[in-house]
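Q: I should like to learn how to read the features of a protein model. Where should one begin?

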Amino acid sequence: ELLDDDAFVDRLRALSEEEEDSVEESAGLLRALGLLDDDDDLVAALDEALAGGVLGFYDPEGNELVVRGADLSVGVRSTLVHELTHAWDDQHFELHRPALEEADDESYFGFSALVEGNADRVEAAWGDTLTQEERVQLRADQISASERLASADVPPVVLQLLSLPYAAG
């Protein structure tokens, strides 16, 4: 499903509301480690970061693929390639794994890094097929998304935690 900015953010927020208890629990840990100040609201910061920086998502529980963008720009197509890779992986390997999500170790992080790394690999291979003009437009779309995320008023640890599975994958 392709949605304009407002509809996309509404859909993303509805999905992230289900995770608020887990986020609050993580906030306590981050405060204890000195990575969040006492007055930082992790739920609000995460909401702002997701609303500003997420370009698409695949929900393996509901088998839904949602992308920010009402037209098929190069940036939207790039996001579609990434999210369609998740959909394909889900069909073959079942990405919804509640036991991993609830585990008291880092197995869920490892799994999510594997999932995101594969989608990044396929997206990069797709990007190699673009013309020079399309690559310039893709880079402009990526810069725009990065600027939107950078303008969000969130603690640095939030941005680092959101990007870590992609970087590690």
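A: One begins with the terms: helices and strands are DSSP runs, numbered from the N terminus. The model shown here is predicted. Read along the sequence, its pattern is β-α-α-α-β-β-α-α-α-α-α, which amounts to eight helices and three strands.

Q: How does one judge the compactness of the protein, and what is its radius of gyration?

A: The radius of gyration is compared with the value that the globule rule gives. The radius here is 16 Å, close to the 15 Å given for 169 residues, so the protein is as compact as a globular protein of that length. Along its principal axes, the C-alpha trace spans about 50 × 35 × 30 Å.

Q: How many of the residues are buried?

A: A residue counts as buried under 20% relative accessible area. By that cut-off, 35% of the 169 residues are buried. The protein exposes about 10200 Å², and carbon and sulfur atoms supply 52% of this area.

Q: How many side chains are positive and how many negative?

A: There are 10 positive and 41 negative side chains. The centres of the two sets lie 9 Å apart.

Q: How does one read a single helix, such as α6?

A: One may compare its span with the expected one. Helix α6 covers residues 107-127 and reaches 30 Å from its first C-alpha to its last, close to the 30 Å expected. Its buried residues include F111, V115 and A119.

Q: What covers the buried residues of α6?

A: The cover includes the helices α4 (74-93), α5 (98-102), α7 (132-150) and α8 (156-168).

Conventions: Residues are numbered from 1 along each chain as its sequence is written. This is a predicted model: local features need pLDDT of at least 70, side-chain atom pairs count only at pLDDT 80 or more; totals for chains, interfaces and linings use all residues. Side-chain values use heavy atoms; hydrogens and water are left out. Helices (H or I, at least four residues) and strands (E, at least two) are DSSP runs, numbered from the N terminus. The radius of gyration is taken over C-alpha atoms; the globule rule is 2.2 Å times the number of residues to the power 0.38. Buried means under 20% relative accessible area, exposed over 50%, partly exposed in between (1.4 Å probe, protein chains only). Accessible areas come from the Shrake-Rupley method with a 1.4 Å probe; for residues, only the protein chains shown count as cover. Lys and Arg count as positive and Asp and Glu as negative; His and the chain ends are not counted. The place of a charge is taken as NZ of Lys, CZ of Arg, CG of Asp or CD of Glu. The expected span of a helix is 1.5 Å times one less than its number of residues. Contact means heavy atoms within 4.5 Å.
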